[in-house]
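Trainee: I'm new to this one, and I'd like to know where the labels come from. Could we go through some of them together?

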Amino acid sequence: MCCSFDIQKGFSPMLMIKLLQMMERQSSSLVVRLLGSSASYMRRFLFRVLSVGPVPHHVAFILDGNRRFARKWKMEDVMGYRAGFLSLMTLIKCCYELGVKYITIYVFSIENFKRKPDEVRSVMDLMLEKIEGLLKEESILEQYGVRLEFVGNLKLLNESVRISAEKAMKATACNDRVILVVAVAYTSTDEMVHAAEQCCQDKSVDGKLVEVADVERHMYMAGVPDPDILVRTSGETRLSNFLLWQTSNSLLYSPKALWPDVGLHHLIWAVLNFQRVQPYLRTRRNYLPLSTQ
Amino acid sequence: MDQLKLIKLQKSVPPSNFRNPKLPPFQNQPRRQRMASLQLRLSFTPSPLKLRQQVPRRSLDLKLPPRALSSAIKAATVNGHPGEDALLKGTTAPAQFSGEDSVALPAGLRRESIPRHVAVIMDGNRRWARMRGFPVGSGYEAGVRALRRMVELCCKLGIKVLTVFAFSSDNWFRPKVEVDVLMALFDRGLREELQYLVSADVRISIMGDSSKLFNSLQALLANAMETTQNNSRLHLIVAVNYSGRSDVVQACQKLAVEVKDGLIEPEDINEFLVERELGTNCTDFPHPDLLIRTSGELRVSNFLLWQLAHTELYFTDSLWPDFGEDEFLQALSSFQERQRRYGC
């Protein structure tokens, strides 16, 4: 289903929880399928129109606002994260249909480990549940050509999550239609420190000047081009230690909607803004020495 | 709100000879307007004061808030000299700054929420000049005046560090004429303002690769840094030939040399060591609390990559030469309303 949670005030929290549970079970009734297919047809038409202009190659998302969404609907925080996951699936589908090749999502920062242990554990459990759910749907991932990449300091994760992540990366390594980069246990400063450490240990760098290409080669995000658009939801305009190196010339878009409330119209607005500034951004990218394109 | 919108419009209004189909044909315009547009076409760089006097402005019908005029009025009356020069330059005359000059904060601003370090990307000078039919050099000159206003405001509000993005390493790709005008402006601006910086207790530092600049400019910059190094009221860091990526790479290079010399192990490299080698190592507050970018563009443009990890970003449509006290106070009000969680 393609919808956002931007619903009127009449909904009670219990109704919201039931709606979430229903969407999670993915009801397969005829009405839902019919509605879904007609909405999908309109969406694909809209994307055909948008594709007349340049389409972003890489879109990055900071998934901010899940806890505020839960508080707004008087639910527990974990339900906010579940609602966020549903929004994520919707947006990934939209990006796939639009023709975006790389999608990066900021799921968990190293600084988030400072939160309450219960909250961290519930996020980790949810992540494990969803990764294992995706592994069960391996055939669908292969059908759509989705490759999963987990970037970050994975040694900081607990063993079960790290093993599942590595399994998911291995299982989808051959797919290349859409690359979903999941930043978990990630901060940009940690990435740059790691790259500096690797540069110093790299025998080929020893004795010569360290260059931009050397640093980029050792980043967690090596091989992934720089994002064209960085979307941060919930109206906060800050980078929060996410892709500081890679977003030096990216369009920053910060809609006021909370992450579970984000919908198709936000993505369309971001793409339209990108199309307006894209010629200038492309020339700026060409000035950067050896930047990944 | 409407008043603010109209003030913004007034500051960015194109000259009267701008081709606007809604304007009446030339013969039907009032005589004053026709004379003004003819003068604009004939003159090369009309002075802003003459422009204000001759081109009819909608602002004459508006009641501007007293704050917007306060700096101009102060400039006009300091030391008893009427303010034509001050209005032309758009600044106050060099004054003796003392503790009593720190005025009370405007209503709505809390002292404890004033950012310690403000970074500014001064964008929009060329657009400002093009909209008025001026050459690009006038836009940069107006930008320097706006920077002077910003330095005074930061001194008054108690901001400790102000970092400005004067020239990016990507800007070398601009036309050579424009780059030469900019370099000449740096030179002239620094010579003229050094005395003011000394009297205002402002310390100036330069960040970026200054080796590509002219020798005379390098010497001037070194002299300015040495002359003002003991000043403590405000630390002005000017990023010249700066690129955030190059800054991080040169820090990695220095660490690689230290590893090669056996001073540290690669495993010892941490965020503290990298930050020590960055261009902002000259200040105790290297991380900006607030980054302001003018002219409506929504990007960071390779400025202070490492340091912007938790910086609040503020984007305004106002062009840099028009960025004054009102706009800055709006930015500070917006900053005060933000909830900074640092990942928690």
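Mentor: Sure, let's start with a helix pair: α7(B) and α12(B) cross in a right-handed way. Keep in mind that this is a predicted model.

Trainee: Which residues make the contact of α7(B) and α12(B)?

Mentor: From α7(B) come M150(B), L153(B), C154(B) and L157(B), and from α12(B) come E325(B), F328(B), L329(B) and L332(B). Sorted by class, that contact has seven nonpolar residues, no polar ones and one charged.

Trainee: And what makes α7(B) oblique to α12(B)?

Mentor: The two helices pack at an angle of about 50°, with their axes 11 Å apart. Under 35 degrees would count as roughly parallel and 65 to 115 as roughly perpendicular, with the rest oblique apart from angles over 145. An angle of about 50° fits neither of those ranges, so α7(B) is oblique to α12(B).

Trainee: Why give both an angle and a distance?

Mentor: Because two packed helices are described by the angle between their axes and the distance between the axes.

Trainee: Now α7(B) and α8(B). Why are they called roughly parallel?

Mentor: Helix α7 of chain B covers residues 136–157 and helix α8 of chain B covers residues 176–199; their axes come within 10 Å and cross at roughly 30°. The cut-off for roughly parallel is under 35 degrees, so these two helices are roughly parallel to each other. The crossing of α7(B) past α8(B) is right-handed.

Trainee: Which residues of α7(B) and α8(B) make that contact?

Mentor: On the α7(B) side, they include V136(B), Y140(B), V144(B) and V151(B), along with the charged-class E141(B), R148(B) and E152(B). On the α8(B) side, L182(B), L185(B), R188(B) and Y196(B) are among them. The class tally for this contact is eight nonpolar, one polar and six charged.

Trainee: How do you know that α8(B) is roughly parallel to α9(B)?

Mentor: Helix α9 of chain B spans residues 215–227, and its axis and that of α8(B) come within 10 Å, crossing at roughly 20°. Again the angle has to be under 35 degrees, so α8(B) counts as roughly parallel to α9(B). Here α8(B) passes α9(B) in a left-handed crossing.

Trainee: What meets what between α8(B) and α9(B)?

Mentor: In α8(B), the residues include M183(B), F186(B), L190(B) and L194(B), and they meet a group in α9(B) that includes L217(B), L220(B), L221(B) and A224(B). By class, the contact has nine nonpolar, three polar and two charged residues.

Trainee: Let's go to single residues. Why is R338(B) called buried?

Mentor: Its relative accessible area is 17%, and buried means under 20%, so R338(B) makes the cut. You'll find R338(B) in the segment after α12 (325–337) of chain B.

Trainee: What does the side chain of R338(B) make a polar contact with?

Mentor: With the side chain of T237(A), at 2.9 Å. The limit for such a pair of N or O atoms is within 3.5 Å. Setting aside residues up to four places away in sequence, R338(B) touches T237(A), E312(B), L313(B) and Y314(B).

Trainee: What about V249(B): buried or exposed?

Mentor: Buried, because its relative accessibility is 7% and the cut-off is under 20%. V249(B) is in helix α10 (residues 244–260) of chain B. Beyond its neighbours within four places in sequence, V249(B) is in contact with V210(A), E211(A), V212(A), V215(A) and W245(A).

Trainee: What is unusual-looking to a newcomer about phi at S240(A) and N241(B)? Which sign does it have?

Mentor: Positive: S240(A) has a phi of about 50° although it is not a glycine, and N241(B) has a positive phi of about 50° without being a glycine either. S240(A) is in the loop between β5 (229–232) and β6 (251–253) of chain A, whereas N241(B) is in strand β4 (residues 234–242) of chain B.

Trainee: How do you know that S240(A) and N241(B) are buried?

Mentor: S240(A) has 14% relative accessibility and N241(B) has a relative accessible area of 6%. Set those values against the under 20% cut-off, and both residues therefore count as buried.

Key
Residues numbered from 1 in each chain as written. Chains lettered and ligands numbered in written order. Predicted model: local features only at pLDDT ≥ 70, side-chain atom pairs only at ≥ 80, totals over all residues. Heavy atoms only, no water. Helix = DSSP H or I, 4+ residues; strand = E, 2+ residues; numbered from the N terminus. Buried < 20%, exposed > 50% of the residue type's maximum accessible area, 1.4 Å probe, protein only. Polar contact = N/O pair within 3.5 Å; in protein donor to acceptor, adjacent residues only side chain to side chain. Contact = heavy atoms within 4.5 Å. Axes fitted to C-alpha atoms, helices over the stretch in contact; angles between N-to-C directions. Left-handed = near helix turned anticlockwise from the far one by under 90°.
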